[in-house]
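Subject: Structure handover

Dear colleague,

I am passing this structure on to you. Please have it open while you read the notes below it.

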Amino acid sequence: MNESFTYLAEYLSALHTRELGRAPELFDTLDSTNAYLKREHTAGRAPAGAVAIALRQTAGRGRLGRTWESIPGAGLYFSLLAPRLPMERLSLVPVAVGVAAAAALQEIAEVTAGIKWPNDLIVSDRKLSGILCEGVLGRAVCGIGVNLLQDAAFFVRAELPHGTSLLLETGRVVSAPRLAAEIVNRLEPWLDELSAGKIDALIDRFRENCVSIGREVRAISPTGELAGIAVDVDAEGRLVIEHADGCTAVSAGEVQLRTVRGYL
Ligand code: BTN
């Protein structure tokens with residue numbers, strides 16, 4: 001049987017959503033699944049429930065203009081087009097994706113991943129997964145990358161000293177399409193809540209999963225650096241940092257966590 005057919009069949013048989021993720025496309029190679037869905041949505045071609053999955057990306061994108069190493073078959077690289085939401089709730093979509101991905105990893109890989117604000121998924125202070133949500137024409141394109149099979153040498157070569165994979169953390173090989181489906185399954189109810197204007201339960205769950213709280217952090221912005229202790233996530237999903245001059249709620253940018261191996 002054709003490999004793509006098997007992959008999509010596995011994805012669709014594990015998918016239990018009403019609409020989200022029900023229109024998948026699988027590519028052997030793409031520049032970036034985020035870039036692809038943004039192009040498709042801009043051209044008016046992306047159907048409701050659009051998902052793009054790539055076995056390899058040649059220009060995988062990370063947050064803050066970084067790249068995302070996307071070697072063939074070693075990771076899960078996919079993006080979805082979130083349904084239309086009121087503008088003021090778009091900023092909570094990455095929060096929902098982080099919470100959904102952490103729950104899916106627990107279910108499929110039995111691994112407890114914490115969320116490093118805003119939405120890196122980390123295990124033992126190493127990065128397992130990254131999330132990039134981008135706004136395009138009033139909708140959010142959400143891209144998720146999960147390291148599945150990379151070995152330690154990969155992270156040395158890629159100069160990612162804080163990186164890890166599910167194989168390294170658990171010794172297990174998990175099915176990429178099943179994991180993708182489970183992330184989407186977990187995400188749809190949170191997006192429904194956001195659509196209905198209910199945000200408290202989402203923020204509570206994010207707070208429970210957020211491993212930045214209680215830790216030494218430093219927020220880096222073009223205007224400087226703010227070091228302190230992260231003490232809370234507020235009702236808008238901002239990270240509250242207590243520092244020498246009081247408390248500051250940070251809504252965007254880079255917030256690094258102090259670890260025994262340096263800042264992550
Ligand atoms: C980050 O941690 O900086 C975010 C990384 C997001 C990577 C994923 S892989 C699938 C999707 N396509 C991309 O080009 N990026 C996201």
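What follows covers the two sheets, the helices on one of them, the ligand site and the salt bridges. Please keep in mind that this is a predicted model.

The seven-stranded sheet

An open sheet is built from 7 strands, ordered β1-β2-β3-β7-β6-β5-β4, with mixed pairing. Its edge strands are β1 (23-30) and β4 (114-116), each of which pairs on one side only. From one strand to the next, the twist averages 20°.

Within this sheet, β2 (residues 50-57) and β3 (residues 75-81) run antiparallel and are joined by 4 bridges. Ile53 has Phe78 of β3 opposite. Helix α6 (residues 176-195) packs on the sheet, where α6 touches β3 and β7 (139-147). The direction of α6 makes about 35° with that of β3. Another helix, α1 (residues 3-14), lies across β1, β2 and β3 and runs at about 140° to β1.

The ligand

The ligand is surrounded by 20 residues, and the closest are Ser32, Gln57, Arg61, Arg63 and Lys127. Three polar contacts can be looked up directly:

- Lys127: a polar side-chain atom lies 2.5 Å from an oxygen atom of the ligand.
- Arg61: a polar backbone atom is 2.7 Å from a nitrogen atom of the ligand.
- Thr33: an N or O atom of the side chain is 3.0 Å from a nitrogen atom of the ligand.

On its own the ligand has 420 Å² of accessible area, and the protein covers 99% of this.

Salt bridges

There are 20 salt bridges in the structure. One of them joins the side chains of Glu134 and Arg61, at 2.5 Å from N to O. The two residues are 73 residues apart and link distant parts of the chain: Glu134 is in strand β6 (residues 126-136), while Arg61 is in the loop between β2 and β3. Arg61 is thus a residue to look at twice, as Arg61 is also among the residues closest to the ligand.

The six-stranded sheet

The other open sheet has 6 strands in the order β11-β10-β9-β8-β12-β13, and its pairing is antiparallel. At its edges stand β11 (246-250) and β13 (262-263); each has a single partner strand, so one side of each is left without a neighbour in the sheet. Further in, β8 (residues 216-221) pairs with β12 (residues 254-259) in the antiparallel sense over 4 bridges. Ala219 stands opposite Val255 in β12.

Regards

Terms used: Residues are numbered from 1 along each chain as its sequence is written. This is a predicted model: local features need pLDDT of at least 70, side-chain atom pairs count only at pLDDT 80 or more; totals for chains, interfaces and linings use all residues. Side-chain values use heavy atoms; hydrogens and water are left out. Two strands pair if DSSP finds at least two bridges between them. Axes are lines fitted to C-alpha atoms, for helices over the stretch in contact, and angles run from 0 to 180 degrees between N-to-C directions. Contact means heavy atoms within 4.5 Å. A residue is near a molecule or strand if one of its heavy atoms lies within 4 Å of it. A polar contact is a pair of N or O atoms within 3.5 Å; within protein, one must be able to donate a hydrogen and the other to accept it, and residues adjacent in sequence count only if both atoms are side-chain atoms. Accessible areas come from the Shrake-Rupley method with a 1.4 Å probe; for residues, only the protein chains shown count as cover. A salt bridge is a side-chain nitrogen of Lys or Arg within 4 Å of a carboxyl oxygen of Asp or Glu.
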